[in-house]
Amino acid sequence: MSWKDNLRKIEPYVPGEQSKEKDIVKLNANENPYPPSPKAIQALKDFNAESLRLYPPADATPLKKAIADYYGVGVNNVFLGNGSDDVLALAFQAFFNGDKPIAYPDITYSFYPVWCRLFGIPYKTYPLDENFRINPEDYREENGGVVLPNPNAPTSIGEDTEFIQKILDYNRDSVVIIDEAYADFGVQSAALFVDSDSYQNLLVTGTFSKSRSLAGLRIGFAIGSKALISVLEAVKNSYNSYTVDSLSIAMGIASFEDRDYFTATVDKIIATRERMTARLRELGFTVLDSSANFIFATHNDYSMKELFEYLKTEKVFIRYFNLPRIDNYIRVTVGTDEEVDIFLKETEAYIRR
Ligand code: PMP
């Protein structure tokens with residue numbers, strides 16, 4: 001017996017590569033190509049660095065209030081964490097403690113199985129249909145919880161509120177988590193159901209990393225009933241009471257207050273996404289209808305793995321998943337118009353070789 005036998009053996013989630021190379025077109029991590037709101041940047045400039053000697057306010061109420069006001073819920077309906085990955089990992093620990101498997105799609109955010117393995121949570125996956133859609137009827141089966149991203153990743157497909165309501169109506173006895181990392185780019189938030197007494201088992205998670213251009217700060221949040229939020233707070237306070245730092249609080253508030261910049265940036269990304277989708281379709285690609293800040297595409301005549309590798313040699317980084325059913329697809333983040341034009345030009349060069 002060696003000390004090595006007691007080390008945890010675990011296969012972690014692999015995020016999109018963060019290259020040190022200069023001049024790359026980075027469309028591989030679903031980051032926002034535009035800077036954060038000028039008001040958030042001003043909040044950073046105005047920040048009193050000397051105040052960093054103090055712990056941040058443990059409950060971060062002013063930031064919770066900014067989020068609560070935006071979604072039309074109470075401050076007690078908001079939870080904060082270090083990115084929505086942190087919030088989701090805490091929610092898995094807080095809510096999935098039964099013996100029944102939790103349910104999610106076979107093709108979805110690949111962090112879910114990692115957390116299940118880390119925390120010993122049983123899970124069952126339900127295949128997306130041939131059009132990569134989630135079949136809500138699958139989630140009628142008894143389960144220990146449901147997790148669905150809306151829009152789903154990496155498919156980019158979003159579902160409407162009727163679909164979400166169906167999932168909620170089928171699952172009165174388990175916690176339903178809707179992961180809205182990309183919701184601002186095309187679906188209505190399920191936070192509107194949080195008000196309802198009927199759906200106290202709903203948790204909606206969101207992030208500042210995508211639509212608010214603050215991936216580097218690591219701020220995520222959840223919106224849910226007081227019953228769920230208080231359990232999340234208790235789990236969080238059982239290992240670290242100060243999850244969000246003072247600077248994140250200041251910049252996060254400023255970001256939520258600047259609605260005009262937020263809307264303008266999201267609209268720009270959507271316009272570029274539609275242009276990029278149309279051009280790829282002209283080139284013979286099948287592109288799923290995206291409600292996110294990335295597109296998911298394939299081509300019958302070409303290997304997407306080879307396209308991914310070719311683009312990398314041309315300093316255009318996109319994402320390729322060598323996984324069942326999607327191993328001839330690429331996921332491409334919507335960048336600026338200039339970045340997307342370089343991606344399109346290099347893609348065209350590849351298929352015309
Ligand atoms: N959910 C989904 C579906 C994602 O793709 C991501 C980003 N990798 C996250 C949650 C987490 O993002 P963050 O921790 O930056 O909030």
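**Exercise 1.** Find the residue in strand 12 that is the bridge partner of Thr298, then place strand 12 in its sheet.

*Solution.* The partner of Thr298 is Tyr329. This is a predicted model, in which local features need pLDDT of at least 70 and side-chain atom pairs pLDDT 80 or more, while totals for chains, interfaces and linings use all residues. Residues are numbered from 1 along each chain as its sequence is written, and side-chain values use heavy atoms, without hydrogens and water.

Helices (H or I, at least four residues) and strands (E, at least two) are DSSP runs, numbered from the N terminus. Two strands pair if DSSP finds at least two bridges between them. Strand 10 (residues 294–298) is joined to strand 12 by five bridges, in the antiparallel sense. The open sheet has three strands in the order 9-10-12, with antiparallel pairing. Strand 9 (286–287) and strand 12 (329–333) are its edge strands, each pairing on one side only.

Next, add the helix. Helix 8 (residues 259–282) lies across strands 9, 10 and 12 and runs at about 10° to strand 10. Axes here are lines fitted to C-alpha atoms, for helices over the stretch in contact (heavy atoms within 4.5 Å), and angles run from 0 to 180 degrees between N-to-C directions.

**Exercise 2.** Which elements make the right-handed β-α-β unit?

*Solution.* Start with the strands: strand 3 (residues 102–105) and strand 4 (residues 123–126) pair in the parallel sense over four bridges. Pro105 has Tyr126 in strand 4 as its bridge partner. Helix 4 (residues 111–119) completes the unit with strand 3 and strand 4. Right-handed means that, with the strands pointing away from the viewer, the path from the first strand over the helix to the second runs clockwise.

Within helix 4, Tyr112 and Trp115 lie three residues apart, about one turn of the helix. The structure holds 29 aromatic pairs. The ring centres of Tyr112 and Trp115 are 6.3 Å apart and their planes stand at 35°, so this pair is tilted. Rings of Phe, Tyr and Trp (its six-membered ring) pair with centres within 6.5 Å; planes under 30 degrees apart are stacked, over 60 edge-to-face, the rest tilted.

**Exercise 3.** At what angle do the axes of helix 3 and helix 6 cross?

*Solution.* The axes of helix 3 (residues 83–95) and helix 6 (residues 226–236) come within 9 Å and cross at roughly 105°. That makes helix 3 roughly perpendicular to helix 6; the classes are roughly parallel under 35 degrees, roughly antiparallel over 145, roughly perpendicular from 65 to 115, and oblique for the rest.

Leu90, Ala91, Ala94 and Phe95 of helix 3 meet Leu228, Val231, Leu232, Val235 and Lys236 of helix 6.

**Exercise 4.** Which residues does a cis peptide bond join to Pro151 and to Pro154?

*Solution.* Asn150 is joined to Pro151, with omega about -5°. Ala153 is joined to Pro154, with omega about 5°. Pro151 is in the loop between strand 5 (146–149) and helix 5 (161–170), and Pro154 is also found between strand 5 and helix 5.
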